[in-house]
Each structure stands twice: as C-alpha cells, then as structure tokens.
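Q: I would like a close look at a single part of this structure, taken slowly enough for a first-year student to follow. Please work from the side chains outward.

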Amino acid sequence: ANNMKNQLQLKANGRFWIETPDGRFIGVGKIELMEKIQRLGSIRQAALEMEMSYRQAWGLIEQMNEMAKT
C-alpha cells in the first residue's frame with residue numbers, strides 16, 4: 001500500500017473542437033459560453049463571467065448560427 005502512494009498519478013487533459021469545411025464550428029470555449037448563457041439567461045452576463053466583451057460573445061454565437069443547418 002505504501003508503494004502505491006509513491007506512484008506517479010497521470011490524467012488525460014486536452015482541448016477538442018469540431019470542424020467543418022468552412023472552419024472551426026464548436027470547441028471548448030463556445031461550449032462554455034453556451035453553458036453560461038443557459039445558466040445565467042443572458043449573453044451579457046455570460047460574456048462578463050468569461051471576461052470577454054458582449055460583441056465577442058455575440059460574434060461566437062453568430063459564427064455557430066451561420067455554420068449550423070438548423
């Protein structure tokens with residue numbers, strides 16, 4: 001049991017995103033933004049919490065809307 005305490009503990013970590021032929025569709029940042037909008041009920045509040053401008057947040061949402069079929 002004592003030997004197990006000295007073993008190196010590893011975990012996987014990384015970022016992912018989904019791309020279309022038109023470019024990056026969604027990734028960790030956009031997912032986080034959407035989750036915050038859902039939780040807070042406001043793009044402005046989500047942007048503030050993520051320390052980005054409303055304009056930047058709206059631009060990310062607009063990119064997803066333009067690339068999505070529905």
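Is Glu32 buried, partly exposed or exposed?

A: In this predicted model, Glu32 is partly exposed, because its relative accessible area is 33%, and the cut-offs that matter here are under 20% for buried and over 50% for exposed. Glu32 is also a good place to begin, since this residue forms a salt bridge with Lys36 in which the closest N and O atoms are 3.8 Å apart. That separation counts because the rule asks for a side-chain nitrogen of Lys or Arg within 4 Å of a carboxyl oxygen of Asp or Glu. Both partners belong to helix α2, which covers residues 28-40, and they stand four residues apart, about one turn of the helix.

Lys36, unlike a residue in the partly exposed class, is buried, because its relative accessible area is 14%, which falls under the 20% limit. The side chain of Lys36 also meets that of Glu49 in a salt bridge, with 2.8 Å from N to O. This pair links distant parts of the chain, for Lys36 sits in helix α2 while Glu49 sits in helix α3 (residues 43-49), 13 residues apart. Glu49 itself counts as partly exposed, because its relative accessibility is 40%.

Glu49 has a further partner in Arg39, and the closest N and O atoms of that salt bridge are 2.3 Å apart. Arg39 lies in helix α2 and Glu49 in helix α3, so this pair ties together parts that are ten residues apart in sequence. Arg39 counts as exposed, because its relative accessibility of 54% is over the 50% limit. Taken by the same distance rule, the count comes to three salt bridges, and Glu32, Lys36, Arg39 and Glu49 are linked by salt bridges in a network.

Helix α2 can also be followed to another neighbour. Two packed helices are described by the angle between their axes and the distance between the axes. The axes of α2 and helix α4, which covers residues 54-67, come within 11 Å and cross at roughly 105°, so α2 is roughly perpendicular to α4. On the α2 side the contact is made by Lys30, Leu33, Met34 and Ile37, and on the α4 side by Ala57, Leu60, Ile61, Gln63 and Met64. Sorted by class, the residues in this contact are seven nonpolar, one polar and one charged.

Terms used:
Residues numbered from 1 in each chain as written. Predicted model: local features only at pLDDT ≥ 70, side-chain atom pairs only at ≥ 80, totals over all residues. Heavy atoms only, no water. Helix = DSSP H or I, 4+ residues; strand = E, 2+ residues; numbered from the N terminus. Buried < 20%, exposed > 50% of the residue type's maximum accessible area, 1.4 Å probe, protein only. Axes fitted to C-alpha atoms, helices over the stretch in contact; angles between N-to-C directions. Parallel < 35°, antiparallel > 145°, perpendicular 65-115°, else oblique. Contact = heavy atoms within 4.5 Å. Nonpolar A, V, L, I, M, F, W, Y, C, P; charged D, E, K, R; others polar.
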